Amino acid sequence: MTQDVATPRSLPTLPAAIFGALVAIGAITLLVGASSSDAELTRRTYRVFLHNWLMWAVLSNGALVLSSAMRLTNARWQGPIHRIADSMGAYVPVSLVLFVVVYLGRHNLYEWVDHPVPGKEFWFEPAFAFTRDTIALSWITFISLFYLYLTVRPMLGRARDGAPGLRGALAQRWTAGWRGEERERDISTRRLRKLSAVLVLSYAICYSLIAIDLCMSLAPEWVSTMFPAFYGWGGFLSACSMLALICVVMRNSQDLRGEITTSRMHDMGKMIFAFSIFWMYLFWSQYFVIWYANIPEETAFVVNRLGTQFVQDVWYFDGFWTRLAEPYVKVSLSVWLLVWIVPFWVLLGQKPKKTPAILGPVAFASVLGFYLERYILVTPSLVPPKAVLAGAAITPFSWVELGIATGFIGLFFLCFLSFARVFPGALPSKS
């Protein structure tokens with residue numbers, strides 16, 4: 001019998017304190033950097049904020065796409081895992097609010113805000129660009145919250161009668177017009193099947209727009225029709241990896257004890273394995289066309305990240321190690337290693353997928369790889385290799401990068417814990 005019911009509880013003290021401290025560190029770092037009289041530090045702070053925002057916004061929404069995919073395919077293997085994915089989606093409205101910071105830093109991030117791009121003046125007119133991005137983010141946030149409302153409402157039948165204080169009041173509000181648990185579950189199932197398709201399509205459209213306007217436009221002369229798909233799929237894969245990591249870490253907790261079975265870990269491992277191959281396939285489809293055409297406007301984007309050894313003119317081995325030492329090359333190759341090579345080779349067999357001591361580190365490596373991937377998508381466009389060779393300081397792990405990254409980590413997991421434990425209390429959902 002299904003025990004998919006909400007159990008609102010208090011926020012666990014120690015994790016909440018730790019994540020709250022991380023948020024405070026991130027906020028202080030942002031305030032110090034953004035208000036600094038050092039123009040270079042201000043630009044660096046907004047740049048780091050953008051790269052983190054691009055990662056966590058699409059990861060959180062990617063988790064809801066994964067939850068929707070389970071509904072669309074009538075999946076039966078996941079048990080309470082889809083409630084963990086739903087809880088990861090609680091961060092989505094926060095990413096909409098944090099978009100304000102990206103807007104405030106627009107003069108430090110986007111050249112086209114102050115200097116129109118020839119031939120693209122209409123599309124990159126600042127008011128038009130930020131208005132359509134705000135509309136897109138508002139729409140995907142609305143659909144995501146409506147999805148969470150529909151998926152949670154049938155769980156609240158007991159909480160609306162028994163939860164104390166604010167949690168009980170919220171449960172009463174969310175269950176206005178209650179029709180009985182069986183009837184609510186039936187209505188929710190039918191509506192969510194349609195809404196899941198809308199959510200997936202909205203994710204593809206909205207984050208394609210975000211990829212073009214907020215990421216690809218950092219190098220406004222560069223164009224790639226594959227890039228929006230590459231960015232969106234990266235968000236989906238990073239959500240799968242984060243989901244597996246959370247499941248492995250929480251498998252012995254009171255909420256999930258006995259639920260993260262060997263079979264379910266095997267399925268999550270298969271998702272990371274298969275989807276990482278498709279991620280590399282999208283990269284290759286994008287890169288091979290650029291390599292073959294060998295047009296400077298396109299190859300510059302590749303050279304600024306992978307160095308001069310990955311373009312058509314350089315096919316010889318002499319000087320390989322020198323080219324490997326060019327700016328950003330090692331970070332870019334680390335992304336391949338963490339996001340594709342490690343998951344592919346380590347998770348090739350069945351046993352590693354079923355072993356928490358192996359699946360957990362691979363999932364962590366994949367998430368870390370996406371942190372570096374977002375860094376490498378943003379930073380070389382704003383601090384090109386020539387500037388690095390001239391002395392510009394870059395590193396993905398200095399105090400600005402670590403301070404803001406910890407703030408995003410704290411915010412994401414505070415939202416996750418609040419949804420999973422406080423309201424609606426999506427965990428545990430026993431099967």
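1. Start with the lining of the largest cavity in this predicted model: its residues divide into 14 nonpolar, two polar and two charged. The cavity holds about 260 Å³ of space. Of the 18 lining residues, F283, F301, R305, L306 and L377 are the closest to its centre. By the rule used here, the count comes to one cavity of 30 Å³ or more.

2. Which helices should you look at around this cavity? At least two lining residues each come from α11, α12 (262-293), α13 (296-306), α15 (329-346) and α17. Among these, α12 gives the most, with five residues.

3. Next, have a look at the second largest pocket, with about 600 Å³ of space. Its lining has 24 residues, and those closest to the centre are F19, M242, L245, I409 and F413. Two or more lining residues come from each of α1 (13-34), α2 (39-72), α11 (227-250), α17 (356-382) and α19 (399-422). The largest share, eight residues, belongs to α19. Sorted by class, this lining has 21 nonpolar residues, one polar and two charged.

4. On the surface, W139, F142, F146 and V198 make a nonpolar patch of about 380 Å². Helix α7 (residues 126-152) supplies the largest share of the patch, three residues.

5. Finally, a closer view of one patch member: F142 sits in helix α7. Is F142 buried or exposed? With a relative accessible area of 48%, F142 falls in between, so it counts as partly exposed; exposed would require over 50%.

Terms used:
Residues are numbered from 1 along each chain as its sequence is written. This is a predicted model: local features need pLDDT of at least 70, side-chain atom pairs count only at pLDDT 80 or more; totals for chains, interfaces and linings use all residues. Side-chain values use heavy atoms; hydrogens and water are left out. Patches are made of residues with over 30% relative accessible area and no salt bridge: like charges are joined within 9 Å, nonpolar side chains (Val, Leu, Ile, Met, Phe, Trp, Tyr) within 5 Å. Accessible areas come from the Shrake-Rupley method with a 1.4 Å probe; for residues, only the protein chains shown count as cover. A salt bridge is a side-chain nitrogen of Lys or Arg within 4 Å of a carboxyl oxygen of Asp or Glu. Helices (H or I, at least four residues) and strands (E, at least two) are DSSP runs, numbered from the N terminus. Buried means under 20% relative accessible area, exposed over 50%, partly exposed in between (1.4 Å probe, protein chains only). On a 1 Å grid over the protein atoms alone, a cavity is a set of points where a 1.4 Å probe fits but cannot get out, and a pocket is an open set with protein on both sides within 12 Å along at least five of seven lines; lining residues have an atom within 4 Å of a point. Grid points are joined across faces, edges and corners, and a volume is the space filled by probe spheres set on the points. Ala, Val, Leu, Ile, Met, Phe, Trp, Tyr, Cys and Pro count as nonpolar, Asp, Glu, Lys and Arg as charged, and the others, Gly among them, as polar.
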